[in-house]
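Dear colleague,

I am handing over a structure that may be new to you. Please look through it before reading the notes beneath it.

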Amino acid sequence: MRVSTGRATQSDSRMFTVVVEAFGMGKQRQAERRFTVPLALLQGLMQTIARQGGRISAVLSGDASPPETSPPAPAAPQTTPPTKPAAVSHADVPVNLYKPKAPFMGTVVENYGLVGEGAIGRVNHITFDLKGGDPQLHYVEGQSIGIIPDGTDANGKPNKLRLYSIASTRHGDNLEGHTVSLCVRQLQYEKDGETINGVCSTFLCDIEPGAKVKITGPVGKEMLLPEDEEANVIMLATGTGIAPMRTYLRRMFEPAEREKNGWTFRGKAWLFMGSPTTANLLYDADFEHYQAQFPDNFRYTKAISREQQNAKGGRMYIQDRVSENAEEIFAWIENPKTHVYMCGLRGMEPGIDEAMGVAAAAKGLDWSELRPQLKKADRWHVETY
Ligand SMILES: Cc1cc2nc3c(=O)[nH]c(=O)nc-3n(C[C@H](O)[C@H](O)[C@H](O)COP(=O)(O)OP(=O)(O)OC[C@H]3O[C@@H](n4cnc5c(N)ncnc54)[C@H](O)[C@@H]3O)c2cc1C
C-alpha cells in the first residue's frame, strides 16, 4: 500500500485522499474509489473502510480525487449477507508449470497410512521431493497437482493423469520448500463379485519411498485462501476433502509454519469434518491441538456418521452439523470477511445445500439467490470430485 501523508500537525487542515478497492455495493465494488477528507477525519474514515471490508491501496496528501464522494457512513448492522469481493489474490499463483507431455519426475519421500484401526478403507499421506526441477515446481495452499500413474490403461495407452488436492502448505511438511504432500484414499469397489482397485489411488497408496513419479501442475484457483489476516474461514470437508483444509490450518496455526510464512492469522476458522468413524478422521490430533492452542480462533466440529446421531435419531452427517450451527454460520457469513470452503466427494453437495437453504430461510433469505452472490464475491469455494 502506498501511503503518503507528508508531515501532519494537530492544526493541519490539509486534505487527504484515500484510494480504496473492493468497497461499496454492486458495481461500485469493481471500481477504484477515492475519498477526500481533512486530516481530522482521516483516521475515522480508514477505520470505517476497514470495518466495511474495503482495501486501502493508497493515502495521498491533497485532493487527488475525481470528486466522487463524501466519506462513507459508518457501518450499519448488516441485514442481508453482503457480497463484497474477497481479498483473494490470484497474482503469483503458479499454474501448469509441468504438463502431461513433459511431467516433473518427483521422488517419493514417505508414504504412511492415516486411518486408525477399524477404519473403513485405506487413506495415505504421501510426500514427494520436488527438488531439481527447472522451473522449480512450486504451489500455494488450495491448489492441486496431477499424478500420472505408471503403466497403461485397458486400451494399452499410457495411463492418464488424476488430480489430487495438495495437503501441504507451500513450504512443505518439512518447511524446506521443495516437497508436496497428498492425502489419497484408495478407490475400491465391487463389480460382478470382484474387488476393483482404482488405478492411480492404488498406485499411490502402494508406492515406496525412493520411487519416481510423474507429476503435473500445479492447477486450480478455486480454493485459494484470502490474503487478509483477519478473514474468517468456514471449512466443510468430508474424507480426503480435508487436504486443502489441512494446508489452511497449518498456515494459520502450525507454529513453525507461521514463523516461516509471516502470515499472522487473526481471524476465525471453523472446520466441519465428516467421517464415517472416529478411526477414519484424518489429521485429527493436529486439529485437536490447534483448537486447544487457539481456542479463540479455531473451532473443530466433527460429524461421525456411524457413531453419532442427529436430532432425528439418524446418522450424523456434516449437513446435520451445519443445521445445528446454522444461526452462527449465517452470522459469520454476514461478515464480508468470511469465506466458505467445501471439499470432498461430490455427493456431499446436495446435503450441504439443503441445510444452508433451510438455515437461510429461517433468516428470511433465499439460499438459491444468496449462494451465487457469495460465489460471485469469491467467498464460496467448492471443489468436489
Ligand atoms: C480437483 C480434484 C481433487 C482431488 N483430490 C483428491 C484427493 O485429495 N484425494 C483423493 O484420494 N482423491 C482426490 N481426487 C480424486 C482422484 O483424482 C481420483 O479420481 C481417484 O483417486 C480415483 O482414481 P483412480 O485412478 O484410483 O480410479 P480409476 O481407476 O480412475 O477408477 C475410477 C472409475 O471407477 C469407476 N467407479 C468408481 N467407483 C465405482 C463404483 N462404486 N462402482 C462402479 N464403478 C465405479 C468410475 O467409472 C470411475 O470413473 C480429486 C479429484 C479432483 C478432480
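The notes below deal with the surroundings of the ligand and then with a sheet and a helix.

Please bear in mind that this is a predicted model.

The ligand has 20 residues around it, and those that come nearest are Tyr 189, Gly 198, Cys 200, Ser 201 and Tyr 385. By character, the shell consists of 10 nonpolar, six polar and four charged residues. Domain 2 (104–219) and domain 3 (232–384) each contribute at least three residues to the shell. In terms of secondary structure, at least two shell residues come from each of β8 (162–165), β9 (179–185), β10 (188–191) and α2 (199–206).

Two of these strands, β8 and β9, also belong to an open sheet of six strands, whose order is β8-β7-β12-β5-β6-β9 and whose pairing is antiparallel. Strands β8 and β9 form the edges of the sheet, each having a pairing partner on one side only. On average, neighbouring strands in this sheet are turned by 40 degrees against each other, with direction ignored.

At the β8 edge, four bridges join β8 to β7 (residues 144–148) in the antiparallel sense. Within this pairing, Ile 145 has Tyr 164 of β8 as its bridge partner.

Helix α2, which supplies at least two residues of the shell around the ligand, lies across β6 (123–129), β7, β8 and β9. The helix runs at about 120 degrees to β9. Strands β8 and β9 and helix α2 thus appear both in the ligand shell and in this arrangement of helix and strands.

With kind regards

Key:
Residues numbered from 1 in each chain as written. Predicted model: local features only at pLDDT ≥ 70, side-chain atom pairs only at ≥ 80, totals over all residues. Near = placed C-beta within 6 Å. Nonpolar A, V, L, I, M, F, W, Y, C, P; charged D, E, K, R; others polar. Domains from an automatic or database assignment. Pairing = 2+ DSSP bridges. Axes fitted to C-alpha atoms, helices over the stretch in contact; angles between N-to-C directions. Contact = placed C-beta atoms within 7 Å.
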